[in-house]
Each structure stands twice: as structure tokens, then as C-alpha cells.
Amino acid sequence: MDPRIIRMKLDILHRRAIVRAWPISPYEARTADHLAPGEYRYDGDWAPVDGEGRWPAGKTVFLRADVQPPDEVPADQLHLAFNGEGLEGMISIDGRPYAGIDANHTHVHIPHARPFHLEGEFIAVPRVMCLPELASEQGRLRWIRLEQVDEAIEAAWYDLRFAWEASQVVKDKRRQQRIARALEDALLAIDLTLPYDRLRQEVEQARRILSEGIEQIAPDPEGGHIFLTGHSHIDTAWLWPIRETIRKCGRTFSTACRLMERYPDYRFSCSQPQLYAYTKQHYPTLYEEIKRWVREGRWETTGGMWVEADNNIPSGEALIRQILYGVQFFQKEFGTRPRVCWLPDVFGYPGNIPQILIGCGLTSFFTTKLHWQARNEFPYHLFWWEGIDGTSVLAHIPRLKRGYNGHPTPEELALAWGQFNEKGVYDEVLFPFGFGDGGGGPTAEMLEYAKRAEQYPGLPACRQGPEEAYFDRVRAASPELPTWHGELYLETHRGTYTTQAAIKRANRKNELLLREAEIAGVLARWTGADIAMDALHSAWENLLLLQFHDILPGSSIGQVYEEAARDHARIETIARGLRDTALRAIADRVPAATLLVFNSLSWQRNDIAAARVSTPGEPIELVAPDGQTIPAQVIARHDGEAEIVFAPQVPSLGYTTLTIRPAAQPPASSISVTRERLENRFFIIELNDIGEITRLYDKRYQREVIPPGERANRLQLFQDGPEREAAWNVHATFERREYPFEGETSIAVIETGPVRGAVRVARHHRDSRIEQDIMIYDTLPRIDFVTRADWQEREVMLKVAFPVEVLADQAAFEIQFGAIQRPTHRNTSWDQEKFEVPAHRWADLSEAGYGVSLLNDCKYGYDVKGNVLRLTLLRGPEWPDPNADRGHHEFTYSLWPHAGSWQQGGTVRSAWELNVPLVCVPATDGNGTLPATHSFIEVTGPAVVETLKPAEDGVGDILRLYEPNGGRGPVTVTSANALLGVEVCNLVEETEGPHPFAPNRFSFDIRPFQIRTFQLRLGTRE
């Protein structure tokens, strides 16, 4: 039969399934601006709408009507139907959130045949939030009506349509022809011109003909299996602000509840506890419905993380908190415990994720994003993913036509099985279906297709279920699967390491500030101080929300970043306030002094500190408790106080006190600074007339660091776009168009004191200004580039390059709780695609005996090619936020030349120190119960303390350490307070048993890049 006839017959049959219709008209409407969840600014009062309604883009539209269903029609045959465009919203019936209505969900069964009150809340032309050019558009509602639907005719339409689609994709010619014959015989049995009663009889006969024809076709015993799970991916923010996401939750979740009522085989999975928390707060009756479906095993709370977070940029501790808070929420609210990490749309996955997942009790991992590769097809779809520490997690990355937004059509099911690379060792593919990104979820059509796909000749057999059941079956079958080691690098979206730099900086600073607040609060409690720390929980929750994979990577609209900046300011206020309160409590207990200097890192530091003090004049010095003097340098004066810098020695996880006094004479210093040359006891640095380094000589090792004729600290401007996905992507061709700076440069000496010296380089390019303080120190072999930028460029990328006299075919990069190596060459297509890579606080290039690390305090995009270390500083993408990165920026990057490898050269510690400066608070005439200098915790062995926090169960405190260098060995933790108990626990604080301890210490072994967590009970200091 001609496809045009088939298509037309199916269209007519579908229309004839609607027996009768009753318009709901007039209804009443009003518009408003949506200001915040549940808050509106109304434009006027209710007004009747008779016929078509139209409303301006961006407006919230409220509708209401009293509906009288026809008496003679059973409720299960009645649908509410909406015909319009540019509208997305939710309807409520008798005050109960009932169902979402959008372009994909236009019909919903009514709950009963009694009169009811209908309300709706819609947004008109939602895409205006990311496309302002749509502001002149209107949302349009042609009509609302009740429809009586003949479900037998509708079912026949599904049968025939599914058969037609199957006949197009079944590869076996015999089966394909027999399906087509059965379809043709069934369609020929229907006369679409007949009156309704006679048509219904012929439709029933056609269904029998089709069913008998299909049943006679043998299924393919090697046809494979598809595991269907309904879900909806809801971006917590993206092309809309968070307040709109809350409404999307109401729409999506209410729709899922209605479909569950009608389809007993339907299982719905949804991740992100944050979305459930929003629903609980704003849609409490809907939330109770969800809880009922969860209890019945029909609704799966999955995913583990608080939100589907970006994985490249958050710290390791933040990723653990994502899962800790997520697991706690699901356990408390639903009595469920996720076991799968569900991250279908995240932009790459670092090499230590397997250890984090297993350590949090998530034994399986799912994404589809690795099939977005620009060039190299990812080879495995079901495999063991082995992390940098050797931990493995079961991973599934099916290659599906529409990724995580599938529709179980014959075409998509056949492709899912056909493209499954491990079909030789395992017979099933997980297939999530439902509209997503903006929510919505599955439709009735998808569920009707899923029913028909259970056993269909020529197609893989399908079943529905919760996704965790898929992974359970894989484990039970124990197939011989391949292993992939290390990171899952995504060959696209590389711009997300840099875009929206201000939010990335706020994230880094607040991660570390929250860490420091927890440590200071716990230590203050150990001294007997009463420190309330509950506020940190909500601050962490807020930070985790802002790490969603379209917020932190920089790929949302501008309004999202305006709101995120306000949230980060609140987080900073909470964390800084608690930290300072805790440190003041400690300062109240030390002997009389001028300053208390606090070190939250787990090693003794000889580092640079800054403070504001009242000075007795100049020169000044500080006196340590042992009587040693420390030179101080005044760098500014404010309201009768002086801002000073100095280089104290501060013990591990502890403090020292210092007293200020006049110095008898100016201290000696190795620092010498001119506009062309900086020198200290470590380095000679020579600059050209635009502030680039033409020579860097390391006096310690008699080593020229910069190759002859090269320039380091070279600021480079590259063409960056134009690109449809501008915020997301950087392309390999960016280097082919470099722009020269178009503006003047000035260089001035700004500091020449005994502690540090600096020159200020100011460069201009068109409307942008970049000001750098190149800074050296008397006692610290680190070169800092303290940078402020007024950035106005569009479609331009700013990088800084450091060619170094080092030969290595691998460079090292810090990731969460460890490091990985990547090639410096471009031998293969896989190497060539890593022209921009993510890293955290440092990257390093080392040869035998010597190396150079490039550190940073808030950047994430690096590239290393040959002997050039390069850091990406700023971008200027124009979509979806046309003002992304425009404005003021502050950041510091640093050069750390060192002997030996990065492990031997202390790169990890140096990067920590750059990011976690010493904290100074005024000391007082305290009661002196604490020593003048004190270490609360000392760590010996190859481990770094990442976290010290109150335990979630309220019993004692959590200490988390990790091995940073890829080595192993024994570790001893010594506490100044008496230990009363030590428990080993996993990363989400589930205890695994007691650990031996002495009165004030305990020891353990640690493996390369391993994370260890302990729950401690300590006595307060007497």
C-alpha cells in the first residue's frame, strides 16, 4: 500500500477516535509577572475569554472555569484537551495539582464525571527567556474542551501505527514483508467513511486481522532486549531561572502521577532531591502523591546527587556532599537508598569519580553524554569504569538516537539494540524515555508504544522497570565486560571550564570557605566553645544547587547568574561569619597577643599572611611565642590602621599568636625590583616592555626556566566563535586566529618591601583593561600574577602561556582527590581532541630532576602542548547570555618552579596554600587556657586533610583525608585532645566498624589517591 494512503488513513482514524467534544467557553483569564516561587505581580482582574486567547511572551497566564461533564458519558472516556501554541503550564482540578500541559502533553483524563473547578497556570512563549527577540510573540490558546474518546479506535490506531513504523525498520526482509502485509490487510478492512457504529465494528475486525498476522511471525531469538524506564530530565536552571524550574517540577510530576493511574506497568525514575524538596515546599499535595507511588515501587528515587552536578569543576568534597545530602534526603523522605549515579547530561567525568561513587554506596553509573564526541567514537557501552585509585564501578553509556530523551518507537528501539557494542556478552540495553531538559516526561503515546514493543517480531523485546533493576540484572548475569581506565573525557563543551568566570571563582572560594568554617567550628568546639554550626548545612545545600551542570559550567541565561551571585554572597556571609566567630572563640582563650594566625591545612606552613593592625610606627616586626622576630611590610593604610604582610610559621591545623612591636632597624631582604627586573633569593626575572617574562633564572638549581627567545606570562587573545552553542564550546581552530593587543601598556614598581616586591603591568585591548601585579617573596619560591580585569570582549578568549625549558611527553593535572596525566603531543586523534582540558588548582610539566607547575586560584581550563603550559583566563560567548563574562574579574595564577617531579617538588601543597591563605584575627587579653601556638591535629605520612566537620548523626566529628601524589604508605593522625573512639566509615558517613586507636593517635595505611574517612569522638581540652 502506498505510504501516502497509509499515512492519511491513520490520520483520519485518529481523528475519528474523538466521538464528541464540548467546548469550555467562556473561561476566565488574567496575566501576571512571575517574581519568585508563589509570588506574582498581577496586571489586572479576571476577564472572560470567549474563543481564542492570546497573551504576551513571558507573561504568566492564569485560567479558570467551572466544568460540567456530560451526564451520559463515563469519566474514563472523557479527556480535557488543549489546543494552542507557545504555552507551558499545569492545570489543577478542585485545587489539586493535576497535570502538565505543553506541546507534547495536550490531553488528560478527567478524574470523575462530577462538576469540577478547573484552574491553569501557564507561561506564554517560555523561550523568550533565552531569546529576547521573541518578545513580540504571543502564546495562543485556540480552545479548551472536553472530548469523548473511543479507546478501542484509539488502540487500533496505535496498533496500526506501530506496525507501520516497525515495517520501516525491521532488517530481516521476510519479517518486514509479513508485517507490511498484515498492516495492509488490516487497513483494507476499514472503511473510514462509515457511520461511527459500523466503523467501530470494522476497526475491531481490523485489529484482529493485524494481531493474527503479527502473531504468525516468529520473533528473532537473537533480537536482543531493551529495558525501558520512564524518566524526565529537568534542568535545575538553563534557559530559564530556578523559579521556573519549580513550576516545571509541578507540571512534570503531576503528569507522571496521572499516567501511573492509567498504566500499571509504568515505572517512573527521577533524580535530584533538590527537585523533590521544591515540590514538597510548593506542591505539598502532589508531594504526598509521589510518596505513595514510591511506597508502591512504581516511582524510583534515583541518582544519588542533590542535583545532577557538573563533575569537572566542583571539588571532590563537594561531589561527596552532593551524594551525602542526596542520600540523606531520600532516606529521610522516602525510605529509599539510591545505588546508581544518574548523570545523563553532564559534560565529562574525571578519573576519580569511580572511587567517590563506590565510597558513597553508588555501585553503578549511567550517562549518554559520551556519545556527543566530536571525533572519536567512545568504544564501550557497558563496561567497568576503573578510577585512578583502582576502584571500579559498573558503567552503562548506551548509544541512543535521542540520548536520554528517548521515545520507544520501532526506529529508536532498533537503533538502541543495533548500536550496542557489548551485545555479544550481554543481551539488554537500558533505554530511558520521556521528554526532558525542560521536563515534561513520558506521554501516553510513549506508554502505548512501550506496551506494543514488549514482544514484536523483528524488534528487540522490551520490558519496563526501575533503572536500578537493570544494573542488578547485569551484576547477577556477571558478563565478561571490558574495562576503561581513567577519565571519561567529553570531546565537546570545553568552553564550560571557563565561561561565566565570576561564578566559578565564587564556587571555588565558597567551597574552601565552607571547609574552613567547618574546621574552625569543630576545633573551637574542641576547646569548649559553644559554636552553632547548623547554618552551614543550608549554605552547603545552596552551593550544591549552584553546581548544577548548566549553572556552574556557564551555560545558562544571564538571569540565572544574577541570582547565583546573590546566593554566593549569602553563602560567603554565612561561612565567613561562622569561621570568624569560631576563630574569635579560640583567640579569647590564648595568652595576650596582637594577632592569632590560623592554618586549616594539615602541615606546618611558612607562608605569607596579611592582616590589618594598629601600628606603632615603621618599621615594625612581629614576635612569635618562641621569641623569633618576623619582618612585617606595610602595604596600605586604612582609617588609622595598617594593612601588613608577613611570613609566619604556623603549625598544622592550628594557630600561632604574634605580637607587634617597633623594629629596631629595617630588616634585611633579598628582594630587588625595577620596572625591567625582579630578583629575590630564588629567582631573577626579566621583563620586556609589555610585561612579559623574557628570562626566568632559578638560582637554586642554576637553571634557565624559559627557553631562549621565548616569552612567558604571554597574554594571548584568540578568536572564539561565533558558535551556536557559544557558552559550551571551544574549537580546535581557535589558535589559527590570534589578535594582537590594541592598546597601551604601562609598568610601575608598586612594592619593594622586606616581605615581597611587585611590579604592576597594565595592558589595554580595545575597551578592556588587564592589570597584573607580578609578585615575588623573600621567603617563598612562588611567583604570583595577581590579576584584575575589566573585560568587555565578545567572542574572544584570553589565555596565558608559559613556555618552559622542560622536555616531557606527559603533563600532570590535578583533579578531585588526585591527578592524571595527559599527553603533550598530538600523535593520535584522541590526543588531538584534548586541546583544552579541565584541571583544578595546578598543571605541571616535569622532566627528570626539574619541573614547573602553573597554579591558579579559580580557573579550570588548561592546555599543554609540547613545552608550553597554558591557562585559559576569560571568554566572551554571546549565547545564551549575551553578557557572559563582561565586567570585573579578579584571579591569581602562579608559577612554581621546583626540583624533581611535581610530587617531589611540593606542587600539591603549594597549590593548596595559594588557594587557602592563612587567616588572621585580632587576639585579645584572653584567659590563656590554650597555648600561644598550637596544633590540634598533626598528620604524618602521605595524606592531606580535606575535611573536618561535625558528623551528620550528631556523634563526634568526621575526618576525611586523601593521598594526593599517587603513592602509598602508613599515616598517623595525632590529636591534641584525647580520643574516645574512632570508627571507619564510608564517604557518606555510614560506619563500617571500629578502628584501633591510642589515647591521642591512630594509624592506617593509604593507597595511591585513596580517600579515607573516619568518625572521631574526642574529649574537649581541659
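This dialogue covers a predicted model and how to read its pockets, cavities, salt bridges and surface.

Me: What ground rules apply to the numbering and the side-chain values?
Reply: Residues are numbered from 1 along each chain as its sequence is written, and side-chain values use heavy atoms, with hydrogens and water left out. In this predicted model, local features need pLDDT of at least 70 and side-chain atom pairs count only at pLDDT 80 or more, while totals for chains, interfaces and linings use all residues.

Me: How do I read empty space, and what volume has the second largest pocket?
Reply: Rolling a probe the size of a water molecule over the atoms shows where empty space is left. A pocket is an open set of points on a 1 Å grid over the protein atoms alone, with protein on both sides within 12 Å along at least five of seven lines; a cavity is a set where a 1.4 Å probe fits but cannot get out; lining residues have an atom within 4 Å of a point. Points are joined across faces, edges and corners, and a volume is the space filled by probe spheres set on them. Here, the second largest pocket has a volume of about 1000 Å³. Its lining has 39 residues, and His107, Glu154, Tyr158, Ala444 and Glu445 are the closest to its centre.

Me: Which element gives the largest share of that pocket's lining?
Reply: Helix α2 does, with six residues. Elements giving two or more residues include α1, β10 (107-109), α2 (151-169) and α11 (444-452). Helices (H or I, at least four residues) and strands (E, at least two) are DSSP runs, numbered from the N terminus. By class, the lining holds 15 nonpolar, eleven polar and 13 charged residues. Nonpolar covers Ala, Val, Leu, Ile, Met, Phe, Trp, Tyr, Cys and Pro; charged covers Asp, Glu, Lys and Arg; the others, Gly among them, are polar.

Me: How many cavities are there of 30 Å³ or more?
Reply: Nine. The largest cavity holds about 190 Å³ of space. Of its 17 lining residues, Ser315, Gly316, Arg841, Trp912 and Glu946 lie nearest the centre. Helix α13 supplies the largest share of this lining, four residues.

Me: How do I read a salt bridge, and how many does the whole structure have?
Reply: Side chains of opposite charge can pair when their charged atoms come close. The cut-off is a side-chain nitrogen of Lys or Arg within 4 Å of a carboxyl oxygen of Asp or Glu. The whole structure has 84 salt bridges. Glu88 and Arg251 form one, at 2.6 Å from N to O. Glu88 is in strand β8 and Arg251 in helix α5, so this pair ties together parts 163 residues apart in sequence. Both belong to a network of salt bridges with Glu121, Glu244, Arg247 and Lys248.

Me: Is Arg251 buried or exposed?
Reply: Buried means under 20% relative accessible area, exposed over 50%, and partly exposed in between (1.4 Å probe, protein chains only). Arg251 is buried, at 6%. Glu88 is buried too, at 14%.

Me: Which residue pairs with Glu261?
Reply: Arg258, with the closest N and O atoms 2.8 Å apart. They are three residues apart in helix α5, so about one helical turn separates them. Glu261 is partly exposed at 42%, whereas Arg258 is buried at 5%.

Me: Where does Glu735 lie, given its salt bridge with Arg870?
Reply: In the loop between β36 (714-719) and β37 (738-739), while Arg870 is in strand β49. Their N to O distance is 2.6 Å. Glu735 is partly exposed at 36%; Arg870 is buried at 5%.
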